[in-house]
Amino acid sequence: MITITFDGYSSCGKSTMAKSLAAKIGYTFVDTGAMYRAVTLLALRNNLFGIDGSIDEIKLQQLLADTTIMQQYNPQLSKVETLLNGENVEGEIRTMNVSQHVSQIAALPFVRTEMVKQQQAMGRKGGIVMDGRDIGTTVLPDAEMKIFVTASPEVRAKRRYLELTAQGQEVTIEEVMQNLEQRDYIDSHREVSPLRQADDAVVLDNTNLTRDEQLAMLLALYHQRSND
């Protein structure tokens, strides 16, 4: 079994791609973005964001030391769900409020250090499909198959808008676009493990691809890499 990584911008469909591939080949899927969202939810619940946008980093670091973040597969829903201290928070971590703060939390060095440590432990066993922002460059740099996913900003915003409104959240397409632009900038410019394409990653622009077309391309690459 090999290790497969997906990196890319917000709302470009990398998680959907990674889940589909993992299910097809019988690998374990790990959503690292959900882990950072869970830490963000922890900070929001404990009112650690100041009105000036600052974060009480000392308090967050203390809380994180006693916090467990796990992912488990729900066979009834056929999806991976995130647990924060044993509580299923999958729905809550996908809200716009969490989205507006997650890149700021993910940029904190002590948060990234802790999450990367957990992610690397998961990846050592192989048979893993992991997606995020720095998986192919920092977390699992020796992965045999790396994908960097991108799509046009307009398509990404529309996908995210439809996802949020389907959940009953009241947002505008302009708010979603602004949030994506902000997250892209923070993710690409942070000091620790910024979002970038690994030198040996295959770029997949899915702006005009169907899910079936994406999966076919990924399966072909998987069979090539797993047989090398």
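How much space lies in the largest cavity? The answer is about 30 Å³, and the third view below returns to this cavity.

The model is predicted, so that local features need pLDDT of at least 70 and side-chain atom pairs count only at pLDDT 80 or more, while totals for chains, interfaces and linings use all residues. Residues are numbered from 1 along each chain as its sequence is written, and side-chain values use heavy atoms, with hydrogens and water left out.

**View 1. The open sheet β3-β4-β5 and helix α2.**
Three strands, in the order β3-β4-β5, make an open sheet with antiparallel pairing. Helices (H or I, at least four residues) and strands (E, at least two) are DSSP runs, numbered from the N terminus. Two strands count as paired if DSSP finds at least two bridges between them. At the edges are β3 (69-74) and β5 (87-88), each of which pairs on one side only. Strand β4 (residues 79-84) is joined to β5 by two bridges, and the two run antiparallel. Helix α2 (residues 32-45) packs on this sheet and touches β3, β4 and β5; contact means heavy atoms within 4.5 Å. The direction of α2 makes about 35 degrees with that of β4. For such angles, axes are lines fitted to C-alpha atoms, for helices over the stretch in contact, and the angles run from 0 to 180 degrees between N-to-C directions. Across the β4 and β5 pairing, L83 stands opposite N88 in β5.

**View 2. Strand β6 and its two parallel partners.**
Is β6 enclosed or open to the outside? Five of the five residues of β6 are buried, so the strand is largely enclosed by the rest of the structure. Buried means under 20% relative accessible area, exposed over 50%, and partly exposed in between (1.4 Å probe, protein chains only). In a regular strand the side chains alternate between the two faces of the sheet. In β6, I128, M130 and G132 lie on one side, V129 and D131 lie on the other, and both faces are covered. Strand β1 (residues 3-8) runs parallel to β6 and is joined to it by five bridges. β2 also pairs with β6 in the parallel sense, over four bridges. V129 in β6 is the bridge partner of I4, and V129 is also the bridge partner of F29.

**View 3. The cavity.**
Rolling a probe the size of a water molecule over the atoms shows where empty space is left. On a 1 Å grid over the protein atoms alone, a cavity is a set of points where a 1.4 Å probe fits but cannot get out, and a pocket is an open set with protein on both sides within 12 Å along at least five of seven lines; lining residues have an atom within 4 Å of a point. Grid points are joined across faces, edges and corners, and a volume is the space filled by probe spheres set on the points. One cavity of 30 Å³ or more is found in the whole structure. Its lining consists of K19, F29, D31, A34, Q71, V80, T82, E90 and R94. β2 and β4 are the elements that give two or more residues to this lining. By class, the lining has three nonpolar, two polar and four charged residues. Ala, Val, Leu, Ile, Met, Phe, Trp, Tyr, Cys and Pro count as nonpolar, Asp, Glu, Lys and Arg as charged, and the others, Gly among them, as polar.

**View 4. The largest pocket.**
The largest pocket has a volume of about 990 Å³. It is lined by 40 residues, and the closest to its centre are S11, S15, T16, R94 and E163. Helix α2 gives the largest share of the lining, five residues. The lining divides into eight nonpolar, 15 polar and 17 charged residues.

**View 5. The second largest pocket.**
The second largest pocket holds about 370 Å³ of space. Of its 17 lining residues, T28, F29, Y73, K79 and V80 lie nearest its centre. Strand β3 supplies the largest share of the lining, five residues. Ten of the lining residues are nonpolar, five polar and two charged.

**View 6. Residue N74.**
N74 is found in strand β3. At 15% relative accessibility, N74 counts as buried. Not counting residues up to four places away in sequence, N74 touches K79 and E81.
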